[in-house]
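Hi,

Here is the structure I promised to pass on. My notes on it follow below, so have a look at the model first and then read on.

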Amino acid sequence: MNKKILVVDDDKEILFGMSAICEYQDWIPIKSSNVKDAIEKYKEEIPDIILMDYHLPAISGIEGVKRLRKLDKDIPIIVLTVEENQKIADRFMEVGASDFALKPIKAPDIISRINVHIKLKKTIEDSNKEDSNNQAIEYTKGIAEGTLKKIIRYMNKNNTYCSINSIAEEAGLAYQTVHRYLQHMENQEIVNVSYKYGNVGRPQKKYKLK
């Protein structure tokens with residue numbers, strides 16, 4: 001089934017451009033110009049992912065993320081903004097955004113981000129199915145939803161290549177745990193991997209969300 005992408009933006013050019021990108025990818029675009037309408041569209045269409053503008057009329061993008069997150073705790077929400085400000089990014093993450101992308105929108109970047117979050121959403125859905133069947137709450141290979149989300153939040157916040165040590169320290173997790181989760185994310189094609197070669201020993205791997 002084709003994925004439904006809800007795009008919330010009061011800029012007609014953005015809505016047109018995102019519609020073209022969606023159609024090129026065989027996704028179904030659902031367009032909305034404000035938060036109130038977006039909530040109605042969400043209830044009618046049940047999209048697979050939401051793209052939310054920061055500057056919106058009447059109700060802000062931050063409030064929009066907060067309200068939509070109350071309706072669906074798992075749906076990926078990617079915020080779009082021209083504001084290159086870490087404090088704004090942090091505010092969106094605090095109210096439940098999954099990712100943060102800068103305008104002007106670049107097609108390869110937004111397509112990659114959407115694909116990553118669709119894969120992550122499927123992983124969570126698969127885990128929930130296992131739980132409903134009274135099986136283990138953890139994912140295949142022992143990947144638990146809460147730990148995975150903690151690692152992803154850190155990587156979203158930094159938006160650069162991260163070492164296992166830096167993720168482990170910031171997220172408060174054991175090195176071995178982070179290593180196992182990143183291997184899972186690499187197998188699922190959720191992260192890009194960079195290799196740093198030194199004079200002695202194995203190359204150090206660093207990871208970044210696609």
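Let me start just past one helix: H6 is followed by Asn159, whose phi is positive, near 50°. Helices here are DSSP runs of H or I with at least four residues, strands are runs of E with at least two, and both are numbered from the N terminus.

Before the rest, the small print. This is a predicted model, with residues numbered from 1 along each chain as its sequence is written. Local features need pLDDT of at least 70, side-chain atom pairs count only at pLDDT 80 or more, totals for chains, interfaces and linings use all residues, and side-chain values use heavy atoms, with hydrogens and water left out.

Back to H6 (145-158). Its 14 residues should span 20 Å at 1.5 Å a residue, and the end C-alpha atoms are 20 Å apart, so the two agree; the expected span is 1.5 Å times one less than the number of residues. Buried residues of H6 are Glu145, Thr147, Leu148, Ile151, Ile152, Tyr154, Met155 and Asn156. Buried means under 20% relative accessible area, exposed over 50%, and partly exposed in between (1.4 Å probe, protein chains only).

H6 also matters for the pocket you'll probably ask about: it gives the most to the lining of the largest pocket, with five residues. That pocket has a volume of about 360 Å³. Its lining has 19 residues, and Arg69, Ala97, Ser98, Lys149 and Ile152 lie nearest the centre. Helix H4 (86-95), helix H5 (107-132) and H6 are the elements that give two or more residues to this lining. By type, the lining divides into eight nonpolar, four polar and seven charged residues. Nonpolar covers Ala, Val, Leu, Ile, Met, Phe, Trp, Tyr, Cys and Pro, charged covers Asp, Glu, Lys and Arg, and polar is the others, Gly among them.

For the method: on a 1 Å grid over the protein atoms alone, a pocket is an open set of points where a 1.4 Å probe fits, with protein on both sides within 12 Å along at least five of seven lines, and lining residues have an atom within 4 Å of a point. Points are joined across faces, edges and corners, and the volume is the space filled by probe spheres set on them.

Now the backbone oddities. Most residues other than glycine have a negative phi, and most peptide bonds are trans. Ile46, in the loop between helix H2 (35-45) and strand E3 (49-53), has a positive phi of about 50°. Ala58 sits in the loop between E3 and helix H3 (61-71), with phi near 70°; at 91% relative accessibility, Ala58 counts as exposed. Lys103 and Pro104 are joined by a cis peptide bond, omega about 0°, and Pro104 is in the loop between strand E5 (99-102) and H5.

Two residues to click on as well. Asn2, in the segment before strand E1 (4-8), is partly exposed because its relative accessibility is 43%. Leaving aside neighbours within four places in sequence, Asn2 is in contact (heavy atoms within 4.5 Å) with Asp26, Ile28 and Asp48. Tyr175, in helix H8 (residues 175-187), touches Ile164, Asn165 and Ala168, again not counting residues up to four places away.

Overall, there are eight helices and eight strands, and buried residues make up 45% of the 210 residues.

Cheers
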